[in-house]
Amino acid sequence: SGGYSDRALLPLARSPLLSEAMANLQTLLDQFSSRLDLVEQTLGISGGSGAGGGSPAAAAAEDAPASITAYDAFSKPHLDAFVEACSQIGGPELTKCSELVQGAWAAQRAFLLTAAKCKKPSDQVRMEMLKPIADIIKETASLVKRDDFEHHYKTLQEGLSCMNWLMIEPSPRDWIEAQVGASDYSANKIRIKYKRNTEQFSPAQHQFCDAFKKLLSGLVPYSKEHHVAGVAWNPRGEDAASFSPPAAAAAAATPAAAPKAAAAPPKAAPKPAAAAAPDLKNALSGFSTSGLKKVTKDMQTWRSEFKGADGAAAPVPKKKTPAARPVVVKTKGTKMCEFKSDGQGKRWCVEAQTKDDGVVGVDVTDAKHSVNIYGCFQATIDVRGKCKGVTIDSCERTKVIVDTVLSVVELINCKRMHIEIRNSTPVVNIDKTDGCSTMLAPGNFATTFTTAKSSEMLVSFTDPKDGEIKEVPIPEQFTHELILEPTPKMTANISDLYAH
């Protein structure tokens, strides 16, 4: 019926030449098939899947946003180098360091992948997303102890804190740079401990510090390119609260598990005390204290019983008393206390008096005379009688006592003054003076005080109610207000500081 019959093919199949050709062809097909299987295993391609049969990791890599691809590209080499350094150093502490950094970096990648796929959520949701990183930082801080790995954990603690940039807007780069510097401070102590040209030099320790710093520093250009004003979210994405990043996404940033470090040789068990006693006895058998002299108290140089070579007790050294600071006498003018009558009027001139002069008395016999006090330091001046006025200029720590002043007691350019009024004075002017205490006479409250550019001013008086001496401050602070009507002017009210 138009086809070849079995009878027609039978003579060809029995041909010796054809049988040999078929055998050679079958051998070639078997070799090609075995080589194809090897290629499939190398590429991770499942047999029979065709062009669309890639692995889940490859499919995830194809679907990854550009920001995640860039994240993997910069972080994987440095993360691999860091894990390798931890493996070379060895020990459970460095294994823990490797696990903490890998876990934090995977959690950061999951956060960024969620941002690339989802809309920006509320701050509360973002804090929940950041919780895995916060837990790792908290765990790292709890591992910091006073041991050989203190600076290793401090380096990680400060460095991993830079991941808070995920919540910082609008310039996370500044925060990352600051934390890199803080982490490098502790890392430098590791570099110094294991520095070159020393017995403790360890290339793996330097690789630990350098790889971790490069890993953190890589976030600076990465954030500048992809998250310049904070983490960039997808305005057309899905809800972040319900989004769950695929498991392959976190695994993509984590390098393959590093080979376990060679187990440290077991430490020799300490000998019990009973077994160690014979060894100690044998070690000390060659020593004897029978020929040693006893050191008595009189031989010990630091004791009061010590005697010198002649047998006499050494004199007890006297404690040096610190020399008293010399008091600087701040006087001005020429020392005097005399009455003058010239073109400037009739007045008493008291100048450059000090406490060494005792109480300087000025007896005023005429109410038309005035008293000028100038340049005195730590002096006491007693003005007795009724005078026209008292002027005190450029004095310091001076006490002035007056009986009755008809016009004014005036202080100019003085410091820490004390004025005592035994009878009365209508006005006390205080100008450019720091520290002035005025004591009023009992029952005399009619004195007016005028102040300018002065501070620390007090007025003491005897309270007529209970007879006790009380003092009140003269205000130094005021509040002012502009009033336009009826005419522009400024008001002055005492500050609330003096309300009590």
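How many bridges join strand β3 to strand β5? In this predicted model, five bridges join β3 (residues 359–363) to β5 (residues 380–387), and the two strands run parallel. One place to look for this pairing is valine 362, whose bridge partner in β5 is valine 383.

From β5 the eye can move on to the next neighbour. Strand β7 (residues 399–405) runs parallel to β5, and six bridges join the two. Here aspartate 382 can serve as a landmark, with isoleucine 401 as its bridge partner in β7. A little further along, strand β9 (residues 415–424) and strand β11 (residues 434–439) pair in the parallel sense over five bridges. Histidine 418 stands opposite serine 437 of β11. As a general reminder, the strands of a sheet pair through backbone hydrogen bonds, either parallel or antiparallel.

These pairings belong to a wider arrangement. Seven strands make up an open sheet, and their order is β3-β5-β7-β9-β11-β13-β14, with mixed pairing. At the edges are β3 and β14 (469–473), each of which pairs on one side only. From one strand to the next, the twist averages 15°. When following any regular strand on the screen, it helps to recall that side chains alternate between the two faces of the sheet.

The loop between β6 (390–393) and β7 holds serine 394. Is this residue buried or exposed? Serine 394 has a relative accessibility of 14%, so the residue counts as buried, the cut-off being under 20%. Leaving aside residues up to four places away in sequence, serine 394 touches Lys332, Tyr374, Gly375, Cys376, Ile412, Asn413 and Cys414.

The helices offer a second theme. Two packed helices are described by the angle between their axes and the distance between the axes. For helix α8 (residues 150–160) and helix α10 (residues 203–217), the angle is about 5° and the axes are 11 Å apart. Because of that angle, α8 is roughly parallel to α10. On the α8 side, the residues that meet α10 are His152, Thr155, Leu156, Gly159 and Leu160, and their counterparts in α10 are Gln205, Phe208, Phe212 and Leu216. Sorted by class, this contact has five nonpolar and four polar residues, but no charged ones.

Aromatic rings also find partners in this model, with nine aromatic pairs in the structure. In one of them, tyrosine 71 and tryptophan 105 have ring centres 6.3 Å apart and planes at 25°, so the pair is stacked. Tyrosine 71 belongs to helix α4 (residues 66–89) and tryptophan 105 to helix α5 (residues 92–117), so the pair ties together parts that lie 34 residues apart in sequence. Tyrosine 71 counts as buried, at 0% relative accessibility, and tryptophan 105 is buried too, with a relative accessible area of 0%. Ring pairs link Tyr71 and Trp105 with Phe74 and Tyr222 into a cluster.

Finally, it is worth stepping back to view the whole chain. The protein chain has 13 helices and 16 strands. Of its 500 residues, 32% are buried. Among contacts between residues at least 6 apart in sequence, 39% join residues at least 24 apart.

How values were computed:
Residues numbered from 1 in each chain as written. Predicted model: local features only at pLDDT ≥ 70, side-chain atom pairs only at ≥ 80, totals over all residues. Heavy atoms only, no water. Axes fitted to C-alpha atoms, helices over the stretch in contact; angles between N-to-C directions. Helix = DSSP H or I, 4+ residues; strand = E, 2+ residues; numbered from the N terminus. Parallel < 35°, antiparallel > 145°, perpendicular 65-115°, else oblique. Contact = heavy atoms within 4.5 Å. Nonpolar A, V, L, I, M, F, W, Y, C, P; charged D, E, K, R; others polar. Phe/Tyr/Trp six-rings, centres within 6.5 Å; stacked < 30°, edge-to-face > 60°. Buried < 20%, exposed > 50% of the residue type's maximum accessible area, 1.4 Å probe, protein only. Pairing = 2+ DSSP bridges.
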